[in-house]
Amino acid sequence: HDCTTCSSDACATEMLRIADEQNIETAWHRHAAQQPQCGFGSSGLCCRICMKGPCRIDPFGNGPRFGICGADADTIVARHMVRMMAAGAASHSEHGRHIALALRHLADGHLDDYAIRDEAKMLAVAARLGVATDGRALMDVVRDVADLTLGDFQNQDEKKPCTWLAATLPEKRLKKLGDLGILPHNIDATVAQTMSRTHIGCDSDPTNLVLGGLRVALTDLDGMVLATELSDALFGTPKPVATSSNLGVLKVDAVNVAVNGHNPILSDVICQVAADLEAEAIAAGATAGINIVGVCCTGNEVMMRHGIPLATNYLSQELPILTGALEAMVLDVQCIMPSLPRIAECFHTVVVTTDPRNKIKGATHVDFSETKAVETAKTILRMAIAAYGRRDKNRVNIPKLAQRTIAGFSTEAIVAALTAVDAADPLKPVIDNVVNGNIQGIVLFGGCNNTKTMQDASYFRIATELARRNVLVLATGCAAGALAKSGLMTPEATEKYAGEGLKAVSRAIGEAAGLGGPLPLVLHMGSCVDNSRAVILATALANKLGVDLSDLPVVVSAPEAMSEKAVAIGTWAVTIGFPTHLGTVPPVVGSETVTRLVTETAKELIGGHFIVETDPAIAADKLFAAIQERRRGLGL
Ligand code: BF8
Ligand code: SF4
């Protein structure tokens with residue numbers, strides 16, 4: 001395996017050299033060992049839905065055209081794709097349910113370690129959902145909001161759409177989705193129905209299956225909107241914050257603790273209690289105390305709310321351990337590599353799992369429950385402090401790079417910055433500048449890392465290419481991690497890479513908002529569930545213009561899409577009307593019908609469509625062309 005093509009992240013490349021020297025296997029080594037990957041699986045033509053299988057369809061037409069049950073390539077491809085969407089929706093909404101239940105328990109007085117930290121947000125959410133707030137005790141409002149939210153997991157009336165979707169999307173979009181019969185009524189039921197209709201011998205019509213996929217993908221959006229909005233109420237709505245990214249955020253004299261996963265219910269408490277144990281860490285010899293750093297999406301959550309530095313994103317999550325300076329990696333759920341304990345065995349790092357449904361062989365499990373959150377967080381931090389004593393100082397290799405990063409651009413923070421320009425009509429400066437062409441459009445980068453491409457490279461290329469053409473850039477999830485590490489979340493990057501129009505707008509907003517310079521080139525909107533923030537922003541713009549989301553010059557790009565969650569996100573992005581780029585080829589190319597459905601027919605049906613393009617320069621051209629097409633549609 002050739003390290004020079006693994007990652008464009010300088011720290012990752014440095015650590016991979018150490019991995020080779022010390023004979024430690026990482027995701028990149030395992031990727032190499034998997035080559036060549038199976039062509040049937042890659043094109044979606046391997047069916048494993050029943051035990052008569054696996055059945056494989058010959059893509060060249062020389063071998064079998066049907067599985068044993070009679071399923072053809074279209075059915076097989078569609079069924080597996082739709083199941084990926086269901087798994088993604090289940091994951092995001094399980095995260096959301098966890099937050100909603102915590103809120104319910106808080107309202108009932110069962111959680112001493114949590115509070116409503118952003119009362120204004122809580123009340124705004126209540127108002128959006130139609131919950132009365134006037135003259136009521138806060139906890140009564142919280143209980144009603146929690147119950148309404150849990151209703152999205154319980155409602156059995158198929159005609160009544162999910163509450164959060166109805167409170168989030170523009171009227172025109174809701175009508176369109178309702179007319180197509182794909183507006184979901186219940187997250188859990190829709191996920192279950194998706195599993196059931198894809199069972200052997202059920203739905204085999206590819207169009208009907210894909211429509212079912214769009215419906216379940218919309219439950220993914222529902223789950224993430226409620227997760228984001230309720231997390232803000234519980235933990236605070238992010239505001240711009242200066243911090244730093246990449247492995248240089250680890251400190252040689254500190255007890256370094258990485259939080260990895262997704263749910264702020266755990267990581268936020270760890271950040272809060274770290275200060276209480278500072279003296280214990282210093283007494284153990286760590287003169288710089290406790291240093292919490294983030295990985296993946298939970299890293300984004302705590303970076304946005306507490307300015308916690310981001311160590312790295314998905315693909316390089318093993319590498320903080322290789323620095324020899326990481327005392328503990330604390331895990332909750334999703335996108336966590338099962339290899340972590342194996343790598344930690346070569347060092348002093350303790351790997352701690354915390355969710356009873358997400359254990360990893362070789363890790364230490366500490367059951368985390370919200371009713372004893374502070375106590376558990378302290379137990380975990382003390383394990384890290386104890387590990388500090390076992391650190392081998394001769395094996396410490398912390399890369400130097402800690403890239404300055406401005407994060408925290410929640411929708412509210414963006415609107416607040418715009419209010420400084422026009423207090424009476426905050427969205428007007430954006431709309432005026434889209435109309436006059438200073439801003440050509442908006443691109444939202446989302447999604448993962450994937451070993452099929454060089455880590456982070458396409459993000460940088462496409463983002464700078466579009467910014468040069470005056471496209472405003474937003475990012476979430478591991479996309480945000482990539483762009484933060486690349487130095488694009490700074491005002492300097494705006495000066496360096498933005499086109500003249502975008503630069504002028506960015507300076508005007510940044511200066512009016514008291515940032516003392518332009519906005520960062522890329523606005524960090526949060527974790528993967530926080531893609532919902534971009535939907536809320538786009539909906540506000542659409543409503544103000546009186547158009548649908550599919551009319552806006554807004555595009556989405558996932559250059560390294562990997563997870564089932566990313567499949568679900570990409571699908572709802574298309575379903576609510578956005579042209580959506582994938583830089584990795586999804587396993588659908590084995591069916592021309594399904595490929596055409598999602599890349600062409602979707603455009604006529606719902607306005608959005610997938611653009612599959614592995615070359616970043618061409619992807620930038622295609623995304624810009626999609627923006628121009630939308631501008632022409634608006635008469636701009
Ligand atoms: O939810 S971007 S690799 S960490 S799936 Fe996972 Fe992809 Fe990262 Fe966050 Ni999102
Ligand atoms: Fe084969 Fe049909 Fe079973 Fe799939 S569902 S494994 S195509 S028999």
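**Exercise 1.** How much space lies in the second largest pocket, and which two domains does this pocket lie between?

*Before you start.* You're working with a predicted model, where local features need pLDDT of at least 70, side-chain atom pairs count only at pLDDT 80 or more, and totals for chains, interfaces and linings use all residues. Residues are numbered from 1 along each chain as its sequence is written, and side-chain values use heavy atoms, with hydrogens and water left out.

*Solution.*
Step 1. Get the term straight: on a 1 Å grid over the protein atoms alone, a pocket is an open set of points where a 1.4 Å probe fits, with protein on both sides within 12 Å along at least five of seven lines, and lining residues have an atom within 4 Å of a point. The volume is the space filled by probe spheres set on the points.
Step 2. For the second largest pocket, that space is about 460 Å³.
Step 3. Look at the lining: there are 24 residues, and His98, Asn263, Val333, Asp355 and Arg357 are the closest to the centre.
Step 4. Domain 1 (90–235) and domain 2 (247–395) both give residues to this lining, so the pocket lies between them. The domain bounds come from an automatic or database domain assignment.

**Exercise 2.** Find the helix that gives the most to the lining of the second largest pocket, then sort that lining by class.

*Solution.*
Step 1. Helices are DSSP runs (H or I, at least four residues), numbered from the N terminus.
Step 2. Helix 4 gives the most here, with 9 residues.
Step 3. Ala, Val, Leu, Ile, Met, Phe, Trp, Tyr, Cys and Pro count as nonpolar, Asp, Glu, Lys and Arg as charged, and the others as polar.
Step 4. Sorted that way, the lining has 8 nonpolar, 9 polar and 7 charged residues.

**Exercise 3.** Which residue forms a salt bridge with lysine 603, and how many residues apart is the pair?

*Solution.*
Step 1. A salt bridge needs a side-chain nitrogen of Lys or Arg within 4 Å of a carboxyl oxygen of Asp or Glu.
Step 2. Glutamate 629 is the partner, with the closest N and O atoms 3.1 Å apart.
Step 3. Lysine 603 sits in helix 25 and glutamate 629 in helix 26 (residues 616–633), 26 residues apart.
Step 4. Check exposure (buried is under 20% relative accessible area, exposed over 50%, partly exposed in between, with a 1.4 Å probe and protein chains only). Lysine 603 has 34%, so it's partly exposed; glutamate 629 has 39%, so it's partly exposed too.

How values were computed
Chains are lettered from A and ligands numbered from 1 in the order in which they are written. Helices (H or I, at least four residues) and strands (E, at least two) are DSSP runs, numbered from the N terminus.
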